[in-house]
Amino acid sequence: MAITNTDNPLVLFQEWFDRAAETEINEPTAVTLATASNTGRPSARMVLLKHYDDHGFVFYTNLDSRKGLELRGNPFAALLFHWKSLKRQIRIEGRVELISDDEADAYFASRDRGSQIGAWASDQSRPMTGRFELEKQIAKFTAKFGVGAVARPPNWSGFRLHPDAFEFWDDGMFRLHERIVYTWQDDNWVTARLFP
Ligand SMILES: Cc1cc2nc3c(=O)[nH]c(=O)nc-3n(C[C@H](O)[C@H](O)[C@H](O)COP(=O)(O)O)c2cc1C
């Protein structure tokens, strides 16, 4: 499959993302998020991409988790999509910033109640003595909110990654894959092809 020529990487991203939604058997929005500590030690994990547009790529998490703390100390991050059904990979790099409270509130309100309670109950990435500790927390917050609306926890929000680099990788015969990179330079996307 050849990579479509376009000056705007978001157009190509959308084309591939929409295609993955049709072909992936599970979670086409799942993406690896790589962060690094202040000292440069990298770490990676999966998140779900919840929104993207010209302003960037949005995912949600606990701000006191390992990724949350790392991103608040060092805002540079990378996203990696790999769609096995398409044999395609997209790498995206850039700087993240916290989304606005209004945007986070609106998304949090759209989640199902169990996930809302879970966001309060889980001290994400902190040690716990056992599953019972989590279940106690769930019971506590279920009782606290009763039948009323569940507010967004203050340490739960979204990050928006503003891309300054993309790489689109498409599987080729004999490992002669296609690679096209886009880098943001002087207010323009500059494209280049790379050897596989
Ligand atoms: C497919 C998949 C999607 C996930 N989506 C999210 C997500 O959107 N947000 C999140 O905080 N964790 C998500 N997780 C869990 C993370 O991978 C990770 O275990 C957790 O956030 C703690 O990471 P940290 O300790 O590096 O902060 C997901 C895991 C998988 C396997």
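## Overall architecture

The accessible surface of the protein amounts to about 11500 Å², and 53% of this surface belongs to carbon and sulfur atoms. The model described here is a predicted one. Taken along the principal axes, the C-alpha atoms fill a box of roughly 55 × 35 × 30 Å. Of the 196 residues in the protein, 41% are buried.

The secondary structure consists of five helices and nine strands. Along the sequence these elements follow the order α-β-β-β-β-α-β-β-α-α-α-β-β-β. Among contacts with a separation of 6 or more, 63% are between residues 24 or more positions apart.

## Packing of helices α4 and α5

Two packed helices are described by the angle between their axes and the distance between the axes. Helix α4 covers residues 113-121 and helix α5 covers residues 131-145; their axes come within 9 Å and cross at roughly 115 degrees. The crossing of α4 past α5 is right-handed. On the α4 side, the contact is made by Arg-113, Ile-117, Trp-120 and Ala-121. On the α5 side, the contributing residues are Leu-134, Gln-137, Ile-138, Phe-141, Thr-142 and Phe-145.

The loop between α4 and α5 contains Ser-125. This residue has a positive phi of about 75 degrees although it is not a glycine. Ser-125 is also touched by Ser-65, as is Gln-124, when residues up to four places away in sequence are not counted. Ser-65 itself lies in the loop between β4 (56-62) and α2 (66-73). Is Ser-65 buried or exposed? With a relative accessible area of 0%, Ser-65 is buried.

## Salt bridges among the strands

Side chains of opposite charge can pair when their charged atoms come close. A search of the whole structure finds 10 salt bridges. One of the pairs is Arg-88 with Asp-170, whose closest N and O atoms are 3.4 Å apart. This salt bridge links distant parts of the chain, since Arg-88 is in strand β6 (residues 88-98) and Asp-170 is in strand β7, 82 residues apart. Both partners are withdrawn from the surface: Arg-88 is buried at a relative accessible area of 4%, and Asp-170 is buried at 2%.

Strand β7 also contributes Glu-167, whose side chain meets that of Arg-179 in a salt bridge of 2.8 Å, N to O. Because Glu-167 lies in strand β7 and Arg-179 in strand β8, the pair ties together parts that are 12 residues apart in sequence. Glu-167 is buried, with a relative accessible area of 6%. Arg-179 has a relative accessible area of 17%; this value is under the 20% limit for a buried residue, so Arg-179 counts as buried.

Strand β8 takes part in a further pair. The side chains of Arg-193 and Glu-178 form a salt bridge with an N to O distance of 2.5 Å. Arg-193 lies in strand β9 (residues 188-193) and Glu-178 in strand β8, so this pair joins parts that are 15 residues apart in sequence. Arg-193 is partly exposed, at 46% relative accessibility. Which residues are joined into one network by salt bridges that share partners? The network consists of Arg-91, Glu-167 and Arg-179.

## Loops and the nonpolar surface patch

Lys-87 lies in the loop between β5 (76-83) and β6. Its backbone has a positive phi of about 55 degrees although Lys-87 is not a glycine.

Another loop, between β7 (156-170) and β8 (178-185), holds Met-173. Together with Phe-174 and Leu-176, Met-173 makes a nonpolar surface patch of about 420 Å². Why does Met-173 count as exposed? Exposed residues have over 50% relative accessible area, and Met-173 is exposed because its relative accessible area is 63%.

Conventions
Residues are numbered from 1 along each chain as its sequence is written. This is a predicted model: local features need pLDDT of at least 70, side-chain atom pairs count only at pLDDT 80 or more; totals for chains, interfaces and linings use all residues. Side-chain values use heavy atoms; hydrogens and water are left out. Patches are made of residues with over 30% relative accessible area and no salt bridge: like charges are joined within 9 Å, nonpolar side chains (Val, Leu, Ile, Met, Phe, Trp, Tyr) within 5 Å. Accessible areas come from the Shrake-Rupley method with a 1.4 Å probe; for residues, only the protein chains shown count as cover. A salt bridge is a side-chain nitrogen of Lys or Arg within 4 Å of a carboxyl oxygen of Asp or Glu. Helices (H or I, at least four residues) and strands (E, at least two) are DSSP runs, numbered from the N terminus. Buried means under 20% relative accessible area, exposed over 50%, partly exposed in between (1.4 Å probe, protein chains only). Axes are lines fitted to C-alpha atoms, for helices over the stretch in contact, and angles run from 0 to 180 degrees between N-to-C directions. A crossing is left-handed if the near helix is turned anticlockwise from the far one by less than a right angle, and right-handed if clockwise. Contact means heavy atoms within 4.5 Å.
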